[in-house]
Amino acid sequence: IDHAGLKGMVFHGMRVSEKAALILINESAQSYAHLKQAREEIVSIIEKKYGLTLQQEPVELE
């Protein structure tokens, strides 16, 4: 994400952190759907640019 130049960019109201490219910051997103759209767009950009598919780390719920 960093090498693709996406740090600081905003996707569907979610900004990619300038400090840590794996962190998305809600600037104006209104719902989980906006977060999902942002994540999908970022994954798509990386796939097109590098041929790699990013996957979210599993979250263990207690």
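Which residues does Ala-38 touch, not counting residues up to four places away in sequence? I looked this up in what is a predicted model, and I noted that Ala-38 touches Phe-11, His-12 and Met-14.

Next I turned to the core. I found that the largest nonpolar core is made up of 10 residues in all, and that Ala-38, Phe-11 and Met-14 are among them. I listed the other members as Ala-4, Leu-6, Val-16, Ala-21, Ala-29, Ile-42 and Ile-46. When I asked which elements supply at least two residues of this core, I arrived at strand E2 (14–16) and helix H1 (32–50), and I recorded that H1 gives the most to this core, with 3 residues.

I then went through the sheet. I read it as an open sheet of 3 strands in the order E1-E2-E3, with antiparallel pairing. I noted that E1 and strand E3 (24–26) stand at the edges and that each has a single partner strand, so one side of each is left without a neighbour in the sheet. For E2 and E3, which run antiparallel, I counted 3 bridges joining the two strands. I also looked up Arg-15, and its bridge partner in E3 is Ile-25.

My last entry concerns Gly-5, which I located in the segment before strand E1 (10–11). Is Gly-5 buried or partly exposed? I entered Gly-5 as partly exposed, because its relative accessible area is 45%. I also checked Gly-5 against Gln-56, which lies 51 residues apart from Gly-5 along the chain, and found their C-alpha atoms separated by 20 Å.

Technical notes
Residues are numbered from 1 along each chain as its sequence is written. This is a predicted model: local features need pLDDT of at least 70, side-chain atom pairs count only at pLDDT 80 or more; totals for chains, interfaces and linings use all residues. Side-chain values use heavy atoms; hydrogens and water are left out. A nonpolar core is a set of buried Ala, Val, Leu, Ile, Met, Phe, Trp, Tyr and Cys residues joined through side-chain atoms within 4.5 Å. Buried means under 20% relative accessible area, exposed over 50%, partly exposed in between (1.4 Å probe, protein chains only). Helices (H or I, at least four residues) and strands (E, at least two) are DSSP runs, numbered from the N terminus. Contact means heavy atoms within 4.5 Å. Two strands pair if DSSP finds at least two bridges between them.
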